[in-house]
Amino acid sequence: MDNIVEIRNIKKIYGDKVKTQVLFDLNLSIEKGSFNSIIGQSGSGKSTLLNILGTLDRPTDGEIVINGVNTKSMNANQLAKLRNETLGFIFQFHYLLPEFTALENVLMPYRIMGKKIDDKVMERANELIELVGLSKVKNNLATQMSGGQQQRTAIARSLMNNPSIILADEPTGNLDSDTTEQIYDLMRKINKKYNTTFIIITHDQHVAEKTDRIIEVKDGRIIMDVRRNND
Amino acid sequence: MKFAFSVAKRFLGYNKGQTIMIMVGIAIGVSVQIFIGLLITGLQESLIDKTVGSTPHITITQQDELSFYDFEVKNDEFTAVVYQAEGPAFAISESDDASVLLRGLSEDGDKLYKLSDKLVEGKMPSLKNDVIVGLGLQEKLNLDINDVLTLRTISNQTVDVKVVGIVDLKVDSINNSWVLSTLPTAQSLFSIDDEITSIAIQVKDVFTADTLSEELKSEITVSDLKVINWKEQNEDLLSGLNGQSISSIMIQVFVLISVVLGIASVLAITVLQKSKQIGILKAMGIPDNTASLIFLFQGLILGVYGAILGVLFGLGLILSFTTFARNPDGTALIPINFDLQFILFSGSIAILSALIASFIPAARSKKLSPIEVIRNG
Ligand SMILES: Nc1ncnc2c1ncn2[C@@H]1O[C@H](COP(=O)(O)OP(=O)(O)O)[C@@H](O)[C@H]1O
Ligand SMILES: [Mg+2]
């Protein structure tokens, strides 16, 4: 299988005077269409790793290759375009824009591309909303939805530009266990339907066990990496 | 572009109260600027009009105040050219006598001195030996319309003239001494058939009187003539007007500065309020320039609406001022000219300053990194 993401010798050191090294020479390859989880104790460096993977943060040293493209020499605007076209983000906090409705939030990545919203695009947005089960509240402002609905809107939004990779950082950290279950089932469904690659940070062992591959981080190092078949 | 504009619009619409407050702030600034600007301009214009509206702007006389042969004076900038013959005389009526100044005016005299408007009784002199007299003189000599008055010059020439009108020249000393006639009447009394003692000129734009006066000087071939303009004679007024203009500009500049600071500080706060949104948008892939454009557009929208509102407020203020501040006779206390150019200028300045004020938040928005927002929740 092709690798959609490869990281090589990633180091991350925070601080100028007091330096704290958070990631130590990480190497990792993620296969296209795979469904992965990253686990580890709080403070172990999971978010730092994911943000570097998603080009939101730059590593102190090392290289990230996304879809065969090395991001090392790309400038801020090139990275922004890359994120817009190939990456989808889901965070612990939904990060919807409160000024916009659910549907408008879902359309946002497409509008950022600068393309005109035609019937076909609208149809796709509505399909995604349907997929995450929000048809009834799609015209509500982001603030007029429950936590689960907001997170599902964020998932639909992350899918809008048909990204090859979705990065999720404790996407259900704020949700109850029933909703957590639904959200994971949903992500799995999307993974199967669109062959979208998922990298999900979770502290929930039960959730991790349902993924194809579990990567465990401890003190900035990968200490375990297991693949499994759970079809 | 379009994306940034629509996000800017949405951000402003979402914080309606704040948006309206900034717009009203800009509007008040603009309206004060328009009100003060138009008021002071109106004040100055009416002051100038009162001072030189019915007096010569340029006067040509002989060096030694003797008479000279008339010659034609022409310029498209001149609105009235009056050939005048004047001199002292002694006026004798049936009841009294007085020292007077007889001034004969050519055709444009009425236009320059606005005599028809100042006529309280009778008509303008049109025939030879018709005269009009000042109000004070009419009282002293106890004159009625159509009364005959005898004028005697220093050289003992006499002529009987008919009083056809009485004028109120507003200034006592003039009202008490002036007798006005057509040019030939005065010329024949003073025995200067083809000669005149002065030429009085009014010009379109009073402030060009000095340059026009210089032009005239160079054109005149007759020697020993003296050309003076109103500016030389009214230096105090001019420096007063100048001071007024400067203080008006100062007020407008300070209003402007406070508007700019107000917008800048409010927009700086909104960039903090919206930093989460900006971070999310950047994470989703908006380029840094689009992030700053959002705030520039906010400034622009606030400026445009604020300016439009301000122009309306300003016009309202001026209108109510002209409606309520009136003289007892019903004319406007200060006649105000709705100078469209100035109004548009004030509005544009407000838009421009709102735009400039949004540079700082735009720069901050550009610099904001998405990771800060995502890491800190
Ligand atoms: N901006 C920062 N400056 C300094 N240290 C940081 C910064 N961000 C994170 N850290 C530190 O890096 C380590 C890893 O953080 P993080 O990646 O958020 O861990 P996790 O997501 O696994 O809980 C933690 O010890 C954290 O305190
Ligand atoms: Mg974390």
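Colleague: What makes β4(B) and strand β9 (residues 178-182) of chain B a pair?

Modeller: Five bridges join β4(B) to β9(B), and the two run parallel. Pairing takes at least two bridges, so this counts as a pair. B:Leu101, for instance, stands opposite B:Trp178 in β9(B). Keep in mind that this is a predicted model.

Colleague: How do you know that β3 (residues 78-92) and β4 (residues 97-105) of chain B are paired?

Modeller: Count the bridges again. Nine join β3(B) to β4(B), and the strands run antiparallel. The threshold is at least two, so they pair. B:Gly87 stands opposite B:Leu102 in β4(B). A hairpin makes the connection from β3(B) to β4(B), through four residues.

Colleague: Now chain A. How many bridges join β4 (residues 61-66) of chain A to β5(A)?

Modeller: Two, with the strands antiparallel. The rule asks for at least two, so the pair qualifies. A:Ile66 has A:Val69 as its bridge partner in β5(A).

Colleague: Which sheet holds β4(A) and β5(A), and in what order do its strands come?

Modeller: An open sheet of four strands, in the order β2-β1-β4-β5, with antiparallel pairing.

Colleague: Why are β2 (20-31) and β5 (69-70) of chain A said to stand at the edges?

Modeller: Each has a single partner strand, so one side of each lacks a neighbour in the sheet. Helix α1 (residues 46-53) of chain A packs on this sheet and touches β1 (3-14), β2 and β4 of chain A. The direction of α1(A) makes about 125 degrees with that of β1(A).

Colleague: What makes A:Glu63 and A:Arg8 a salt bridge?

Modeller: Their closest N and O atoms are 3.5 Å apart. The cut-off is 4 Å, so the pair passes. A:Glu63 is in strand β4 of chain A and A:Arg8 in strand β1 of chain A, 55 residues apart. Over all chains, the structure holds 18 salt bridges.

Colleague: Which strands are the edges of the six-stranded sheet of chain A?

Modeller: The order is β6-β7-β8-β3-β9-β10, an open sheet with mixed pairing. β6 (87-90) and β10 (221-227) of chain A are the edge strands, each pairing on one side only. On average, neighbouring strands here are turned by 15 degrees against each other, direction ignored. Inside the order, five bridges join β3 (residues 35-40) to β9 (residues 213-218) of chain A, running parallel. There A:Ser37 stands opposite A:Ile214. α2(A) lies across β6 and β7 (165-169) of chain A, at about 80 degrees to β6(A).

Colleague: How do you know that chains A and B touch, and how many residues are in contact?

Modeller: 27 residues of chain A are in contact with 24 residues of chain B. The area buried between them is about 2200 Å², with 64% from carbon and sulfur atoms. In chain A, A:Tyr95, A:Glu99 and A:Ile112 lose the most area to chain B, together 31% of what that side buries.

Colleague: Why is the contact of B:Lys274 with A:Glu99 called a salt bridge?

Modeller: Their side chains meet at 2.6 Å, N to O. That is within 4 Å, so the rule is met. The rule finds two salt bridges across this interface, and eleven residue pairs in polar contact. α2 (76-86) and α3 (102-112) of chain A each supply at least two residues of the side that touches chain B. By class, that side has 16 nonpolar, five polar and six charged residues.

Key. Residues are numbered from 1 along each chain as its sequence is written. Chains are lettered from A and ligands numbered from 1 in the order in which they are written. This is a predicted model: local features need pLDDT of at least 70, side-chain atom pairs count only at pLDDT 80 or more; totals for chains, interfaces and linings use all residues. Side-chain values use heavy atoms; hydrogens and water are left out. Contact means heavy atoms within 4.5 Å. Buried area is the accessible area (1.4 Å probe) that two parts lose on being put together, summed over both. A polar contact is a pair of N or O atoms within 3.5 Å; within protein, one must be able to donate a hydrogen and the other to accept it, and residues adjacent in sequence count only if both atoms are side-chain atoms. Ala, Val, Leu, Ile, Met, Phe, Trp, Tyr, Cys and Pro count as nonpolar, Asp, Glu, Lys and Arg as charged, and the others, Gly among them, as polar. Axes are lines fitted to C-alpha atoms, for helices over the stretch in contact, and angles run from 0 to 180 degrees between N-to-C directions.
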